[in-house]
Every structure is written in structure tokens, then in C-alpha cells.
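Open the model in your viewer and keep the selection tool at hand. This tour goes stop by stop.

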Amino acid sequence: MPTVSTGFKKAVKQLSDKEKETIILKAARRDAELYDMLSIELGELTPEELYDQTVETIHELMIGTTGRYLGRALTKSLRKSAKEIARFKRVTKDAKLEIDLHLYLLRLIFDNFTGQFDSYYKAFYTATARLLQRTMQLIRKNLHEDYHLEYKDELDSFLEQIHSRNKPLSFDLAREFVVE
């Protein structure tokens with residue numbers, strides 16, 4: 001992200017309100033992320049409404065996945081969903097809602113697509129395990145210990161399902177979510 005120079009700040013201050021409005025509207029039309037950020041800042045959109053929109057997008061990406069090689073298609077959809085979550089985080093800066101989106105995506109996967117874990121194409125299995133590991137890291141890093149207990153049972157269930165496959169992973173994944 002570029003740093004704003006003092007010359008740039010002076011130039012912006014010299015613009016009239018009409019010119020500032022024109023520039024802001026032009027920028028918002030070109031960049032959807034900026035549009036969402038401005039919508040939240042201006043009160044047009046709440047983080048919860050953006051959360052709901054992101055949930056719908058993730059649901060469409062994952063449930064609408066089809067293809068000859070479903071494992072590969074699911075891996076692509078999982079990556080796109082992770083990008084949507086990252087976009088949500090950049091716009092809102094809300095760690096709790098970001099984690100809730102991660103958990104929503106994990107629930108979708110474990111409720112609908114665990115059969116693909118046994119596929120020859122193991123990228124979906126590995127990507128899901130990495131998402132699970134990332135979610136646990138985010139919970140430990142960004143949330144108070146009281147939330148750790150709230151998520152423990154669900155995370156332990158996901159971990160158990162991953163480890164029950166006895167497929168090798170290129171990284172260490174905990175057997176249970178440890179609450180400190």
C-alpha cells in the first residue's frame with residue numbers, strides 16, 4: 001500500500017468538494033473492495049450485511065461446484081472462497097467475523113464434501129487441512145480465551161475427521177484444539 005506524500009495531501013486539500021466527489025465516485029466504480037470499504041464508512045452497509053453477502057458468495061462457490069474432476073474443482077472453489085474471506089477481512093478489519101467465515105466454509109466442506117478426501121487428487125484434502133490449521137491459529141491469535149472454549153468441540157470434530165483418513169500431510173496438524 002503506497003504511503004501518502006505531503007504533496008498529495010496538499011493537492012487533495014486544494015480540491016473543491018465537487019472535484020473530490022467526482023474522484024471518489026470514479027475510484028469506487030473501478031474497485032469493488034474500495035466501494036465496500038466506503039459503503040461501510042458512510043453507513044450504507046454494515047459489517048454484518050457484508051458478512052451475509054460473503055456467506056452467500058462462499059455458498060454459491062462451494063455448492064455450485066461441478067466438473068469432471070470434482071476434487072480439483074472443489075480445490076479451486078476453496079481457494080476462491082479463501083480469497084473472499086481475505087477480501088472481507090481487508091474491508092472490515094473484523095477478526096471475529098473473519099473466523100466465523102472460516103468456520104462457515106469448514107462446515108460446508110465437512111457437511112457436504114468429505115467423500116472427496118478419499119479421492120486420488122489429494123489437493124482438496126490438503127487445502128482443507130491447511131484451512132483448518134489457519135482457523136485455529138487465527139482463533140488463538142485474535143480472540144479472547146473465552147471464545148476458544150466456544151469453538152473447541154467443533155474444531156476437535158473437524159480434526160478428528162481429517163485424521164481419520166490416515167492420509168499424509170506435508171505439515172503437522174494438531175490432533176485436538178488445545179485451550180489455554
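What follows is a walk from the core to the surface, with a few single residues at the end.

**Before you start**

This is a predicted model: local features need pLDDT of at least 70, side-chain atom pairs count only at pLDDT 80 or more, and totals for chains, interfaces and linings use all residues. Residues are numbered from 1 along each chain as its sequence is written, and side-chain values use heavy atoms, with hydrogens and water left out.

Helices here are DSSP runs (H or I, at least four residues), numbered from the N terminus. Buried means under 20% relative accessible area, exposed means over 50%, and partly exposed lies in between (1.4 Å probe, protein chains only).

**Stop 1: the core**

Select Ile58, Met62, Leu105, Ile109, Phe124, Leu155 and Ile162. They belong to the largest nonpolar core, which has 42 residues, and they touch the most other members. Such a core is a set of buried Ala, Val, Leu, Ile, Met, Phe, Trp, Tyr and Cys residues joined through side-chain atoms within 4.5 Å.

Now color the helices that feed this core. At least two residues each come from α4, α5 (70–92), α6 (95–112), α7 (123–142) and α8 (145–163). Which helix gives the most? Helix α6 does, with ten residues. In soluble globular proteins, nonpolar side chains tend to be buried together.

Stay on α6 and pick Leu103, which is in that helix. Leu103 counts as buried, because its relative accessibility is 0%. Draw a distance from Leu103 to Gln53: the C-alpha atoms are 16 Å apart, and the two residues are 50 apart in sequence.

**Stop 2: the salt bridges**

A salt bridge is a side-chain nitrogen of Lys or Arg within 4 Å of a carboxyl oxygen of Asp or Glu. By this rule there are seven.

Show Arg107 and Glu154. Their side chains meet in a salt bridge, at 2.5 Å from N to O. Arg107 lies in helix α6 and Glu154 in helix α8, so the pair ties together parts that are 47 residues apart in sequence. Both ends are open to a degree: Arg107 is partly exposed at 32% relative accessible area, and Glu154 is partly exposed at 23%.

Next, show Lys152 and Asp156. Their salt bridge is 2.7 Å, N to O. Both residues lie in helix α8, four residues apart, about one turn of the helix. Are they buried or exposed? Asp156 is buried, and so is Lys152.

Add Glu176. Glu176 also forms a salt bridge with Lys152, with the closest N and O atoms 3.3 Å apart. Glu176 lies in the segment after α8 and Lys152 in helix α8, so this pair ties together parts that are 24 residues apart in sequence. Glu176 is partly exposed, at 45% relative accessible area, whereas Lys152 is buried at 18%. Shared partners join Lys152, Asp156 and Glu176 into one network of salt bridges.

**Stop 3: the surface patches**

Switch to a surface view. Patches are made of residues with over 30% relative accessible area and no salt bridge; like charges are joined within 9 Å, and nonpolar side chains (Val, Leu, Ile, Met, Phe, Trp, Tyr) within 5 Å. Accessible areas come from the Shrake-Rupley method with a 1.4 Å probe; for residues, only the protein chains shown count as cover. Lys and Arg count as positive and Asp and Glu as negative, while His and the chain ends are not counted. Each charge is placed at NZ of Lys, CZ of Arg, CG of Asp or CD of Glu.

- Negative: select Glu48, Glu49, Asp52, Glu56 and Glu60, which form a patch. Glu49 sits in helix α4 (residues 47–63) and is partly exposed at 38% relative accessibility.
- Positive: select Lys76, Arg79, Lys80 and Lys83 for a patch of this charge. Lys80 is in helix α5.
- Nonpolar: select Val4, Phe8 and Val12, a surface patch with about 260 Å² of accessible area together. Val12 lies in helix α1 (residues 6–14).

**Stop 4: two single residues**

Go to Lys93, in the loop between α5 and α6. Its phi is near 65°, a positive value in a residue other than glycine. Most residues other than glycine have a negative phi. Lys93 counts as exposed, at 60% relative accessibility.

End at Leu61 in helix α4. Leu61 is partly exposed, at 22% relative accessibility. Draw a last distance, from Leu61 to Lys167: their C-alpha atoms are separated by 26 Å, and the residues are 106 apart along the chain.
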